[in-house]
Amino acid sequence: MGNCPIRFQSNLTILENAAEPVTPPHQDSMVISLYNYPSFGHTGLAMCIGELLTILSDDGDFMTVRSTVTGCESYIPTSYTAKVTNRWLFMGISRYKAIELLMQPYNQHGTFLIRESETIRDCYSLSILKRTNPSCLDSVKHYRISCLPNGWFYISPRLTFPSLHHLVEHYSESADGLCCRLTRPCFIQGLDNATEARPTPTTVRRPTINWKDISRSVIFRRKRTELDQSLVSEGLREAITSYLQMTEGSDHTWDT
């Protein structure tokens, strides 16, 4: 019998055989903060939401952690933290906390995370940040990830996957019915590069002016419409006018 394909399109009733265990890459786990935590005796915060933490000790209900951003150490409830594996699987967080994490300023359109379902055991939820327009409010869309008896996962019954890793890989290539394609996991301070997360600003470079080739008519031409582009701004044109009035009568090289 041949190997099962990664993506298997079929009715749910014929998926009878259990899938072979698939070990996704990047299983290293990390711990992040779920809250802004004050720094007692000092100004500022000891740690911020979505920040990578180093565990110094773990007593079960409480742990001592060090912020990788501020370097501050804190003794906090374990419930103030979340375990992250595969870079995008956030364990033990609520729907509300997923929204709060994704709405952090460094996250961009298509940023996502997967969390355990709060209502259905052994199921997950995919949360995606959808930024439609800078002037509109951001929104986070949620999709239930169901698990079949054979251990395969699906969002749409027409397409199933042997692991969450394969599901993420597929929807990173194509939205395929989701609100948008998955672009990157939720930003983690102290792990990700903030400059890479921020969109590159669009810059417009004005053409270099060769003053020897510019005539007086070009310098003092007024814009007739908004579409009429001028090489010289209003402020510079007024400055040149003042200069010429002050030096009137002297020899200059402006063309007439």
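In this predicted model, Tyr 75 has a relative accessible area of 46%, so this residue counts as partly exposed. Tyr 75 does not stand alone, for its ring forms a stacked aromatic pair with Phe 62, with 5.4 Å from centre to centre and 15° between the planes. The partner, Phe 62, is also partly exposed, at 36% relative accessibility. Because Phe 62 belongs to strand 5 (residues 62-67) and Tyr 75 to strand 6 (residues 73-77), the pair ties together parts that are 13 residues apart in sequence.

The loop between strand 5 and strand 6 is the place of Cys 72. With a relative accessibility of 26%, Cys 72 counts as partly exposed. A useful reference point for anyone looking at this cysteine is Leu 53, 19 residues away along the chain: the C-alpha atoms of Cys 72 and Leu 53 are separated by 9.9 Å.

Aromatic contacts appear elsewhere too, as the structure holds six aromatic pairs. One aromatic cluster is formed by Tyr 35, Tyr 37 and Tyr 80. Tyr 35 has a charged neighbour as well: the charged end of Lys 97 sits over its ring, 3.9 Å from the centre.

Attention now turns to the interior. Helix 2 (residues 164-173) is mostly covered, with seven of its ten residues buried. These buried residues are Leu 164, His 165, His 166, Leu 167, Val 168, His 170 and Tyr 171. Their cover includes strand 8 (89-91), strand 9 (111-116), strand 10 (124-130), strand 11 (139-147), strand 12 (153-154) and strand 13 (160-161).

In soluble globular proteins, nonpolar side chains tend to be buried together. Here, the largest nonpolar core has 20 residues, and those touching the most other members are Ile 114, Leu 126, Ile 128, Ile 145, Ile 155 and Tyr 171. Strand 9, strand 10, strand 11 and helix 2 are the elements that give two or more residues to this core. Helix 2 provides the largest share, four residues. A second, separate core holds 17 residues, among them Ala 82, Phe 90, Ala 98 and Leu 101.

Ile 128 is worth a closer look. Leaving aside residues up to four places away in sequence, Ile 128 touches Leu 102, Gly 110, Thr 111, Phe 112, Ser 139, Val 140, Lys 141, Tyr 143, Leu 178, Cys 179, Cys 180 and Leu 182.

Notes
Residues are numbered from 1 along each chain as its sequence is written. This is a predicted model: local features need pLDDT of at least 70, side-chain atom pairs count only at pLDDT 80 or more; totals for chains, interfaces and linings use all residues. Side-chain values use heavy atoms; hydrogens and water are left out. Rings of Phe, Tyr and Trp (its six-membered ring) pair if their centres lie within 6.5 Å; planes under 30 degrees apart count as stacked, over 60 as edge-to-face and the rest as tilted. Buried means under 20% relative accessible area, exposed over 50%, partly exposed in between (1.4 Å probe, protein chains only). A charge sits over a ring if NZ of Lys or CZ of Arg is within 6 Å of the ring centre and within 35 degrees of the ring normal. Contact means heavy atoms within 4.5 Å. A nonpolar core is a set of buried Ala, Val, Leu, Ile, Met, Phe, Trp, Tyr and Cys residues joined through side-chain atoms within 4.5 Å.
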